[in-house]
Amino acid sequence: MFNIDNIRKDFPILSRKVHGKPLVYLDNGATSQTPIQVIDAIVDYYSNYNANIHRGVHTLSQEATDKYEEARHKIQHHFNAKHAHEIIMTSGTTESINLVAHGFASLLKKDDEIIVSALEHHSNIVPWQMLCEKTGAILRVIPMNDSGELVMSAYDNLLSDKTKLVFVNHISNALGTINPIEKIIKKAHQVGAAVLIDGAQACPHVKPDVQALDADFYVASAHKMCGPTGVGMLYGKESWLNKLPPYQGGGEMIAEVTFEKTTYADLPHKFEAGTPNICGGIAFGAAIDYLNSIGFDNIASYEHELLEYASKKLLEIEGLKIYGPKLSHKTSVISFNLEGIHPYDVGTILDKLGIAVRTGHHCAQPIMAYFKIPGTIRASFAFYNTKEEVDILVEGVKKAKMMLS
Ligand code: PMP
């Protein structure tokens, strides 16, 4: 049973005050809050079995290794990867993308083509531009339309036998658009291109099945999924991960080192040089358990209710414009502006009222350029938000409008 009062009790931070007002946290797209179950996992690690992994013979090291590998298995099952060694632990989405981009530098040649979408976060644009600079490959862009959705007919025209890679996000962080990734993957495979899906914004809301999607790579960050910062994952099909060279050299990722030649460890260790974020990885596993205990169907339907309620209420404010697709094509993100008012000014007033929203370009400057705006105010809802909080947001926006007009 989905019980919002009980769920909110799991999040200690939700009872704090900001500027003397109860916190209304609506910046979940940037980072989600952390339930006590995950905080407990972190405290348990440092209180009881903090040790380096994979190398010690002593008990603490063995316990830490077992828990860390258990977390990898949780992630594997959550994403329905075929093998645990297809899950590479990283510091987050950004590192996962850079790892793949680095690897493809040795597989691409001049005039090969790679495709991104107009809806990407900078972390799914810049690494590919760097890859193009290194290899002479050409970056093509799937355009978007006025409702913030990808123009799929243009995608069809971009695909050819020169296309080697396609990168799109599952859900846009700036607008909440759900992209048709099944179609995107299928069409890319028809021309023999590999596909990386940036799931940073999707994973707090849906449970991706990487095998059903047939994604070649899928990446996510724990801190958007009720886990800690500084840890994330890369799923890669075994065949692709075997083809890519290691990302960083160091301890843990080798089979044998001599000054003549070093051989690399098997997957996943080949991509995991150095001491990882052990506690973070274990807490990521705890976060996945927590989200599954709430249930993704419950999360999706509750968040959609909040989205409908908030969109309707906000649109009653004169001069307020929401960017992005119709509600059935997006998740619980509302990116909006008040006519003639800078988003930053609205965000500052909302903060004084205890309301946390994100303002700015949301690391997606091409989207802002498309709409010819400096940025938006973004309210992003999680399953622990309430309609009462939506009401506080709406009143806050009205107040900001009055003060700034
Ligand atoms: N892609 C998308 C769609 C995102 O929303 C974000 C985070 N805002 C990232 C990538 C980068 O994630 P991280 O900063 O955790 O590496």
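Student: Which residue follows α3 with a positive phi?

Tutor: Keep in mind that this is a predicted model, so any angle here is computed from it. Most residues other than glycine have a negative phi. Right after α3 comes a residue with a positive phi, near 55 degrees, and that residue is N80.

Student: How far apart should the ends of helix α3 be, given its 21 residues?

Tutor: Helix α3 covers residues 59-79, and you count 1.5 Å a residue. The expected span uses one less than the number of residues. The end C-alpha atoms of α3 are 30 Å apart, which agrees with the expected value, 30 Å.

Student: Where do the buried residues of α3 sit, seen down its axis?

Tutor: The buried residues of α3 are A64, K67, Y68, A71, R72, K74, I75, H78 and F79. Down the axis of α3 they fall within an arc of 155 degrees, so they line one face of the helix.

Student: What covers those buried residues of α3?

Tutor: There are both helices and strands in the cover. The strands include β4 (87-90), β9 and β10. On the helix side, the cover includes α8 (210-213) and α10.

Student: Is L60 buried or partly exposed?

Tutor: L60 belongs to helix α3. A residue needs 20 or more C-beta neighbours within 10 Å to be buried, and 12 or fewer to be exposed. L60 has 14 inside 10 Å, so L60 counts as partly exposed.

Student: What is the C-alpha separation of L60 and N48?

Tutor: Leaving aside neighbours within four places in sequence, L60 is in contact with Y49 and A51. L60 and N48 are 12 residues apart along the chain. Their C-alpha atoms are separated by 8.2 Å.

Student: Within what arc do the buried residues of α2 fall?

Tutor: α2 runs over residues 36-48, and its end C-alpha atoms are 17 Å apart, in agreement with the 18 Å its 13 residues should span. Its buried residues are V38, A41 and Y45. Seen down the axis of α2, they line one face of the helix, because they fall within an arc of 50 degrees.

Student: Which exposed residues does the other face of α2 carry?

Tutor: The buried side of α2 has a cover that includes α10. Turned away from that buried side is the face with the exposed residues Y46, S47 and N48.

Student: How many of the 17 residues in α10 are buried?

Tutor: α10 reaches 25 Å from its first C-alpha to its last, close to the 24 Å expected. Its buried residues, including I278, F284 and L291, pack against α2, α3 and β4. The helix is mostly covered, and the buried count is 12.

Student: Which residue comes after α10, and what is its phi?

Tutor: The residue after α10 has a positive phi, as N80 does after α3. For α10 that residue is G295, with phi near 100 degrees.

Student: Which residues does the cis peptide bond join?

Tutor: Most peptide bonds are trans. This one has an omega of about 0 degrees. P268 is in the loop between β12 (262-264) and α10 (278-294). The cis bond joins L267 and P268.

Student: Is C226 buried or exposed?

Tutor: C226 has a positive phi of about 70 degrees although it is not a glycine. Its place is in the loop between β9 (217-221) and β10 (232-236). With 29 C-beta neighbours inside 10 Å, C226 counts as buried.

Student: How does C363 count, buried or partly exposed?

Tutor: C363 is not a glycine either, and its phi is positive, about 55 degrees. C363 is found in the loop between β16 (358-360) and α13 (365-371). It has 17 C-beta neighbours inside 10 Å, so C363 counts as partly exposed.

Student: How far apart in space are N337 and I377?

Tutor: N337 is in strand β14 (residues 333-338), and with 21 C-beta neighbours inside 10 Å it counts as buried. Its contacts beyond four places in sequence are K321, P343, I373, T376 and I377. N337 and I377 are 40 residues apart in sequence, yet their C-alpha to C-alpha distance is 6.0 Å.

Student: How many charged residues are in the shell around the ligand?

Tutor: The ligand is surrounded by 13 residues, and the closest are G92, T94, N173, A200 and S221. By class, the shell has 10 polar and 2 nonpolar residues, and the charged count is 1.

Conventions
Residues are numbered from 1 along each chain as its sequence is written. This is a predicted model: local features need pLDDT of at least 70, side-chain atom pairs count only at pLDDT 80 or more; totals for chains, interfaces and linings use all residues. A residue is near a molecule or strand if its C-beta atom, placed from the backbone, lies within 6 Å of it. Ala, Val, Leu, Ile, Met, Phe, Trp, Tyr, Cys and Pro count as nonpolar, Asp, Glu, Lys and Arg as charged, and the others, Gly among them, as polar. Helices (H or I, at least four residues) and strands (E, at least two) are DSSP runs, numbered from the N terminus. The arc is that of the directions from the helix axis to the C-beta atoms. Two residues are in contact if their C-beta atoms, placed from the backbone, lie within 7 Å.
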